[in-house]
Amino acid sequence: MPNIPALIAWGIVTAFFIPVGWTPNADLATMVGPVIHYLLPTLIAYTGGNMVYGVRGAVVGAIATFGAIAGSDLLVANFNATLPEGEAQLGQVHMFIGAMILGPLGAWTMKQLDRIWTGKVKAGFEMLVNMFSAGIWGFVMAVVGFYPVAWLVNGLMNVLGGAVNWLIDTGLLPLTSIIIEPAKVFFLNNAINHGVLTPLGTSQVDAQIAAGEAPKSILFLLEANPGPGVGLLLAFTIFGIGAARASAPGAAVIQFLGGIHEVYFPFALMKPVLILALIAGGMTGVTTNMLFDSGLRAPAAPGSIFAVLAQTAQDSYVGVILSVLLSATVTFVIASIILRASRKRDLASEADADARLAASIAQTEKNKGKESSVLSGMAATMGSGATETKVINKVVFACDAGMGSSAMGASVLRNKFKKAGVEADVSNAAIANLTGDEDLVITQNELTERARQKAPNAVHVSVDNFMNSPKYDEVVQLVKEQKEGAAQ
């Protein structure tokens, strides 16, 4: 994910400078091939290695990946040499998956080797041992990348590419939504999109550029289409109940405009039958793009409508826009029917519904495997530092980014104030942007101390769950009593 800007930059270069681009420039167009074939896999490997074993692991992982790139090129060249003259030749295989394997693997093996001689090297020789051990092991891993990994990845990409081409030729590509939409909800979206669809899509685009055609691939839209997600959230906005209905509008803005799809995953998990609505919406979007022969020039990441439109091919705006709108509409209609059918039962146990949403949020974070900037703090209970001595007029939800989870929390509390007939200024902001004039600041537990430093005069409420907490009712009651007391 940290390397997505490089993909965006590559898409911009492609859009402008190739012969069929907006402003053709033969000199600048020479960047297109090296960026996608060398720079991006190397960046992926370096990032993966750095996550496992710092810069030392990153360097070894990058060396290993270059071995895989060279091995892949040799395999392709040898195969093409056996083809009869005039027959279509294989194009380059971009080693994204190889980088995802070799970056962490090279770093992890280097880490294990370092443990063998840690503490056993004589003083003054540490740098010599460190430099040569990393260099030698980088060479070994490059050979591993050159032979087995390059062979494995090339074979895998040929199989996947053949399967996708068969689905396209037979008109069955919309069936991929049956796999992709449920997989997204269980947080396999990045693995599918950037691990499989992005390499296949870039190979298609690369071949089109080489043939002098306008580059585009429908594969970049299979997962990134924001339509199904926003359709689901709009259904909750109108037909949901409790915390789900209160938080859905803010989540829809974040998902559709910000491109952070994970905000709608808990809504699907709390009522899994809604995944059928997502599948139907996804299939509608894919079918629309197939009918209009539309696609993107490069991956749209994050999956924001802005990113999608920025990467849309010159001849594909009508198809892409319709695919988003129609997929959102189909998901909305089906999800609305499902929510309406269970509304009476849900209203009878609104507390249970809120609890299911909270549990679904926790499950989504568990599926992700780490804290999420938009889901963090949405898991358990709220602890309060509120006191009745502070007059509360301005309430701010604060998190690292100032959007995501804090926006959802602000939406929930704002809705509670509205139902109670209490006027209060409720907003969300990044902790770094707190000005000190806030009356009450709500943050997740581990961020409270940072918020206190920025707003020392405010009442601070520490939370784990922005979505469903009895403390919200206490805050509403406190402000209501203050307003009534001031009116007397």
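Which residues does Gln255 touch, not counting residues up to four places away in sequence? In this predicted model, Gln255 touches Pro226, Gly229, Val230, Leu233, Ile260, His261, Val263, Tyr264 and Gly303. Gln255 has its place in helix H9, which covers residues 242-258, and its side chain reaches the backbone oxygen of Pro226 at 3.1 Å. Because buried means under 20% relative accessible area, Gln255, at 0% relative accessibility, counts as buried.

**Helix H6**

Helix H6, made up of residues 189-210, has 22 residues and reaches 30 Å from its first C-alpha to its last, which is close to the 32 Å expected at 1.5 Å a residue. The helix nevertheless bends by about 40° at Leu197, and a proline, Pro199, follows within four residues. H6 is mostly covered, with 16 of its 22 residues buried. Just after H6, Gly212 takes a positive phi of about 80°.

**Salt bridges**

The structure holds 5 salt bridges, and the table lists some of them with the separation of the closest N and O atoms.

| Salt bridge | Closest N and O atoms |
|---|---|
| Asp114 and Arg56 | 2.7 Å |
| Lys216 and Asp293 | 3.5 Å |
| Lys216 and Asp315 | 2.9 Å |

Asp114 forms a salt bridge with Arg56. This pair links distant parts of the chain, with Asp114 in helix H3 (residues 96-117) and Arg56 in helix H2 (residues 32-81), 58 residues apart. Asp114 counts as buried, since its relative accessibility is 7%.

A further group is centred in this account on Lys216, which forms a salt bridge with Asp293. Here, too, the pair links distant parts of the chain: Lys216 is in the loop between H6 and helix H7 (219-222), whereas Asp293 is in the loop between helix H11 (275-292) and helix H12 (305-311), 77 residues apart. Lys216 is buried, with a relative accessible area of 14%.

Lys216 also forms a salt bridge with Asp315. Asp315 lies in the loop between H12 and helix H13 (317-341) and Lys216 in the loop between H6 and H7, so the pair ties together parts that are 99 residues apart in sequence. While Lys216 is buried, Asp315 is exposed, with a relative accessible area of 51%. Lys216, Asp293 and Asp315 are thus linked in a network of salt bridges.

Terms used: Residues numbered from 1 in each chain as written. Predicted model: local features only at pLDDT ≥ 70, side-chain atom pairs only at ≥ 80, totals over all residues. Heavy atoms only, no water. Helix = DSSP H or I, 4+ residues; strand = E, 2+ residues; numbered from the N terminus. Expected span 1.5 Å × (residues − 1). Bend = angle between axes of the 7 residues up to and from the residue. Buried < 20%, exposed > 50% of the residue type's maximum accessible area, 1.4 Å probe, protein only. Polar contact = N/O pair within 3.5 Å; in protein donor to acceptor, adjacent residues only side chain to side chain. Contact = heavy atoms within 4.5 Å. Salt bridge = Lys/Arg side-chain N within 4 Å of Asp/Glu carboxyl O.
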